[in-house]
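Open your viewer and keep the sequence panel beside it. We will go from one selection to the next.

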Amino acid sequence: MKKRDVIIVGGGASGICCAINLKRANKNLSVTVLEQNDKILKKLLKTGNGKCNIGNENITKDRYHNFDFFKENIPSFDIKKYFLDMGILLKKDEIGRLYPYCESASNVVDILRNEADRLKVEVITEFTVTDIKKTKLNYEIYGKENYQTNVLVLACGSIAQSHTNGYELARNLNHTVTDLKAGLTPIKVKEDVKSLQGIRIKCRAIANDFARDGEILFKENGISGILSLELSRYVSNNDKIVLDLVPNVDEKYIENFIENKAKSQRYDRDSCLLIALSGMLPKMLSLLIIKKSKNIEEIVKNIKNLTLTVDSLYGFNNSQIVVGGVDIKDIYSTFESKINNNLFIIGEMLDVDGDCGGYNLYFAWLSAYICSNSIIKENFTKS
């Protein structure tokens, strides 16, 4: 059985950064990352539509579920300096999302891989951990090879667009896993929106306790886009979603606008209305609203209150995150387990999730940073 100072199960964003941080703090540590895929950091390649939305400057409580768990540690984590030290220069967009200047997730992945290699982090791919046993003094990890370590980090990720037995491993170590639900996922609706497929529109969405402006992308049988993904946490089957297609413009103004434009045309009713709406909405969306409406009053109502009925949420294969995970009640703010000494759980595995816009990836970096600092302080300060 091979012995290592630290074993990290999972080679995603949190796992690799935890390994890098440990080796930076103490180059003599033997740190091994066990990754089930053929390459590390595969999911990171998808972030920000390939541009790598690394984080966000606006870290506030209302952007997260279970924010209180880690907010005390935020001031100690300077994300811009952290990545600058690795040679990644960050920039922010108009709403605070942080991207590398290269706008390339593959470049970021290459830099992280190179840094891990430079520091001599041992990375073993295509390694599925089949079992973990806790003894009095250490942890035994079983797979295609067997390892022994005093410090174990579970960074197995979630089942959003991926496969992992991380939850099972955590349960076997006596941790509770809360109910899992697809998060930041498109929404299927009962109405026929096939004609709108591919249309993007900035609007306001209202449902239950959610009311926010953003962009909707219509799909063949539902809605996607950032606004829809954020909305998905707040809705269930049969809930109503109301879209205000022209927010910040009142109904009376829209009604006068349509009437004045339509009455100046020489065509049939629908053609006149379509011309009137052409300066306000995409053509196919205008046609759908005209079809649904008997008169201008109803047109205005549907523009300001286009109602969709939730059929279901898209599944884990289409979701960006998972809502739920290892219960944070069993985790200290250092990310060490309250149940098992020297067991740390970080990143997507935990029941912590945020909105679109780099918030979830920010938590992956933050948890790796805090976890690695704690491991060094508690176990290897004198090494």
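Two strands pair if DSSP finds at least two bridges between them; helices (H or I, at least four residues) and strands (E, at least two) are DSSP runs, numbered from the N terminus. This is a predicted model, in which local features need pLDDT of at least 70, side-chain atom pairs count only at pLDDT 80 or more, and totals for chains, interfaces and linings use all residues. Residues are numbered from 1 along each chain as its sequence is written, and side-chain values use heavy atoms, with hydrogens and water left out.

Start by selecting strand 5 (residues 90-92) and strand 6 (residues 97-100). They form a hairpin with 4 residues between them, and Gly 96 in the turn has a positive phi of about 90°. The two strands run antiparallel, joined by 3 bridges, and Lys 92 stands opposite Leu 98.

Now add strand 3 (residues 55-56), antiparallel to strand 6 and joined to it by 2 bridges. Here Asn 56 stands opposite Arg 97.

Rotate strand 6 to view each face. Arg 97 and Tyr 99 lie on one side, Leu 98 and Pro 100 on the other, and all are buried (under 20% relative accessible area; exposed is over 50%, partly exposed in between; 1.4 Å probe, protein chains only).

Next, select Asn 256 in helix 6 (residues 251-262). Buried or partly exposed? Asn 256 counts as partly exposed because its relative accessibility is 33%. Show Ile 296 too: the two are 40 residues apart in sequence and 9.6 Å apart in space, C-alpha to C-alpha.
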